[in-house]
Amino acid sequence: GLDGYLARRLNVSSKLGILLDPIGDKFFAIAVFGKLYLEGTLPVPLFISLFSREAALLLFTCFLWYQGKWKKYQIKSFLVGKMMTTCQFALLLALLFGCPIYSFYSIPFFLLGILSLFSLIVDSK
């Protein structure tokens, strides 16, 4: 969030940065949650639900490509995406401090993933 804020504040954002920043976030999330799953720290339902947002973004990208709108789409952040990222980092902090993690925590991540896909599709029209 800080890099995006500084880029906008200092007016140094670029088209490449706008594209690479969310890709970097996805790789970070996949690497961290994948590692936590492999260590046995993350329950399977929670691991799967954390990927719901990434799956939603992949489906949306395929949708744009199929519709021929890929090159014209304006990449921007959404409130739902920011909520998902906040929840993901809260989960990471909870894990860092040794808080118990339960499978039912996956419910909000599934819902936010579905909302992410829905908001992206509505915005693309």
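The exercises below work through a predicted model of one protein.

**Exercise 1. Overall make-up**

Task: State how many helices and strands the protein has, and what share of its residues is buried.

Solution:
- Step 1. The protein contains five helices and zero strands.
- Step 2. Along the sequence this gives the pattern α-α-α-α-α.
- Step 3. Of the 125 residues, 30% are buried.
- Step 4. The exposed area of the protein is about 8,700 Å², and 72% of it comes from carbon and sulfur atoms.

**Exercise 2. Contacts across the sequence**

Task: Take the contacts between residues at least 6 apart in sequence and find what percentage join residues at least 24 apart.

Solution:
- Step 1. The contacts to consider are those between residues at least 6 apart in sequence.
- Step 2. Of these contacts, 76% join residues at least 24 apart.

**Exercise 3. Two serines**

Task: Place Ser49 and Ser106 in their helices, decide whether each is buried or exposed, and list what each touches.

Solution:
- Step 1. Ser49 belongs to helix H3, residues 44–67, and Ser106 to helix H5, residues 106–123.
- Step 2. The limit for buried is under 20% relative accessible area. Ser49 has 0%, so Ser49 is buried. Ser106 has 6%, so Ser106 is buried.
- Step 3. Leaving out residues up to four places away in sequence, Ser49 touches Met84, Ser106, Phe109 and Phe110. With the same residues left out, Ser106 touches Pro45, Leu46 and Ser49.
- Step 4. Each serine side chain also reaches a backbone oxygen: Ser49 that of Leu46 at 2.9 Å, and Ser106 that of Ser103 at 2.7 Å.

**Exercise 4. The salt bridge**

Task: Find which residues form the one salt bridge in the structure, and classify Glu39 by its accessibility.

Solution:
- Step 1. The structure has one salt bridge.
- Step 2. The side chains of Lys35 and Glu39 form a salt bridge, with 3.5 Å from N to O. The cut-off for such a pair is within 4 Å.
- Step 3. Partly exposed lies between the limits of under 20% for buried and over 50% for exposed. Glu39 has 47% relative accessibility, so Glu39 is partly exposed.

**Exercise 5. A nonpolar patch**

Task: Name the residues of the nonpolar surface patch, then locate and classify Leu2.

Solution:
- Step 1. The patch consists of Leu2, Tyr5, Leu6, Leu10 and Val12.
- Step 2. Together these residues have about 530 Å² of accessible area.
- Step 3. Leu2 is part of helix H1, residues 2–9.
- Step 4. Leu2 has 61% relative accessibility, so Leu2 counts as exposed.

How values were computed: Residues numbered from 1 in each chain as written. Predicted model: local features only at pLDDT ≥ 70, side-chain atom pairs only at ≥ 80, totals over all residues. Heavy atoms only, no water. Buried < 20%, exposed > 50% of the residue type's maximum accessible area, 1.4 Å probe, protein only. Patch = residues over 30% accessible without salt bridge, like charges linked within 9 Å, V, L, I, M, F, W, Y side chains within 5 Å. Areas by Shrake-Rupley, 256 points an atom, 1.4 Å probe, with all protein chains shown as cover. Helix = DSSP H or I, 4+ residues; strand = E, 2+ residues; numbered from the N terminus. Polar contact = N/O pair within 3.5 Å; in protein donor to acceptor, adjacent residues only side chain to side chain. Contact = heavy atoms within 4.5 Å.
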